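Q: I've got a model open and I don't know where to start. Could you walk me through how to read it?

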Amino acid sequence: GEGRGMHAGVQGEGRWAVDGVARLVFVGDQGGRSGRRGSGGRAGDAAPLERQDGRRGRGGDQAVGRGCDGGVEGFAGRGRAIGARERDIDGGVGFFRGQARPGTALMAAYIDEHRSRFRVGPICRVLSESLDCGFLTPRGCRMFRTRPVSRMRAGREAPARDILQIRSDFFMAVYGCGKMHAQLVAQGRDPAGVGRDRVMNIMRGLGIRGVRRGRTPVTTKPAKGTGGRPDLVDGRFEACAPNRLHVADITYVRMANGSFGCTAFADGVYARRIVGWACAMTMNTQELPLQALGQAISWAASRGGADGLIRHGDHGTQCTGTVYATGVMEYGVLPSTGTVGDSCDNAMAESADGAYRTELVWRRRPFADLKDLELATFRWVSWWNSKRLHQSLGYRTPEAVETEYHQHQAAQAAPL
């Protein structure tokens with residue numbers, strides 16, 4: 001009858017095994033439920049149990065037995081079962097050993113995926129017996145579903161939804177964490193609540209990232225001379241107002257039939273606006289840059305005129321030939337050519353070309369024909385000028401920068 005006040009336990013750190021026999025140590029019950037004070041943790045009689053799993057030094061954490069007859073034997077198997085799937089101090093495997101426990105959300109998602117076929121109870125029971133790291137219980141699964149969303153999780157899920165909504169736009173999907181943070185702020189998010197590092201962590205957790213530029217192919221053949229045009233920029237791509245300095249360049253575009261098309265751009269330096277562009281199926285002509293130049297001159301003429309406008313280009317034969325030089329002079333534009341052997345002679349135009357290839361050309365299938373190329377380029381240019389955030393402009397759009405400039409000029413010209 002004295003065994004009713006005792007419970008059996010397999011020692012954990014201090015247990016030992018000799019010739020495949022595990023010793024169960026009876027420890028006095030400190031609660032004294034039988035009206036008698038226990039031994040206070042002093043080791044008592046030991047009863048040997050033969051191990052059935054054949055592994056030395058392995059036992060459970062506790063095997064609690066109530067009653068004199070068969071108490072130890074009845075719960076010894078339970079103690080061995082607990083040890084088999086939860087702890088293995090000697091072997092270094094088991095609960096949180098060797099394999100980390102899966103996340104609760106991941107286990108709940110797995111249950112939801114297979115519950116219609118196997119039900120929740122059998123799934124939890126089978127996986128908890130099979131995995132050394134344990135598995136979610138049915139009660140734990142119910143608590144996970146009914147648990148209210150924490151404030152931290154809600155504060156993380158709301159920006160994540162906004163980020164995914166922004167990335168649903170084809171062009172904005174190229175944004176990295178910097179432009180994504182600026183776009184969230186532009187849409188009304190509190191900069192103090194959604195910082196740049198937090199946006200980076202959310203994007204990393206969602207497995208998304210901005211596009212990165214690759215190597216820039218050579219698109220122009222250098223001319224032997226500058227055509228008599230000096231370098232009026234001297235590497236300083238800055239302008240005090242719109243339509244004071246334009247840069248131009250040509251880039252290749254791969255077509256579906258294996259050939260290459262060409263796109264020429266003319267970019268305004270002040271606000272990074274693309275003021276002229278043209279597409280062609282061959283670059284063996286000097287009409288392509290002239291078409292982009294004509295659009296740029298028309299844009300400048302409609303917004304204050306092109307007096308004193310400098311057109312800067314590289315040493316490509318398309319930009320230094322006689323036909324193009326004659327067209328530039330007819331428009332009254334000052335021609336400028338960068339230095340030879342300088343990687344920064346036309347850096348701003350080449351940067352816009354790289355963005356064009358990275359954000360449009362390389363992210364879609366090859367263009368079917370010239371019409372397809374022109375339509376896609378038109379859409380990208382419209383987005384570039386009106387919606388794309390530019391880091392060099394303080395994460396503003398070219399359209400917003402020019403509008404702000406003209407409003408400031410109008411305010412200064414207004415009578416007091």
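Q: Where in the protein is confidence lowest, and where is it highest?
A: Look at pLDDT, the predictor's confidence in each residue, from 0 to 100. Here the low point is strand S3 (residues 21-28), with a mean of 29, and the high point is helix H12 (residues 370-386), at 95. Helices (H or I, at least four residues) and strands (E, at least two) are DSSP runs, numbered from the N terminus. Over residues 1-85 the pLDDT is below 50, and this stretch has 119 contacts in the model beyond near neighbours in sequence; a contact means heavy atoms within 4.5 Å. The protein's mean pLDDT is 73, with 66% of its residues at 70 or more.

Q: What are the ground rules for this model?
A: It's a predicted model, where local features need pLDDT of at least 70 and side-chain atom pairs count only at pLDDT 80 or more, while totals for chains, interfaces and linings use all residues. Residues are numbered from 1 along each chain as its sequence is written, and side-chain values use heavy atoms, with hydrogens and water left out.

Q: In what order do the five strands of the open sheet come?
A: Two strands pair if DSSP finds at least two bridges between them. Here the order is S7-S6-S5-S8-S9, with mixed pairing. S7 (274-280) and S9 (334-337) are the edge strands, each pairing on one side only. Zooming in, S6 (residues 260-268) and S7 are antiparallel, joined over six bridges. In one pairing, Ala266 has Gly276 in S7 as its bridge partner.

Q: Which strands does helix H8 lie across?
A: For directions, axes are lines fitted to C-alpha atoms (for helices, over the stretch in contact), and angles run from 0 to 180 degrees between N-to-C directions. Helix H8 (residues 287-301) lies across S5 (245-254), S6, S7 and S8 (310-313), at about 155° to S7. Helix H11 (residues 347-359) also packs on the sheet, touching S5 and S6, and its direction makes about 35° with that of S5.

Q: How many residues line the largest pocket?
A: Rolling a probe the size of a water molecule over the atoms shows where empty space is left. On a 1 Å grid over the protein atoms alone, using a 1.4 Å probe, a pocket is an open set of points with protein on both sides within 12 Å along at least five of seven lines; lining residues have an atom within 4 Å of a point. The largest pocket is lined by 28 residues, with Lys179, Arg213, Glu359, Arg388 and Gln391 nearest its centre. H11 gives the most to this lining, six residues.
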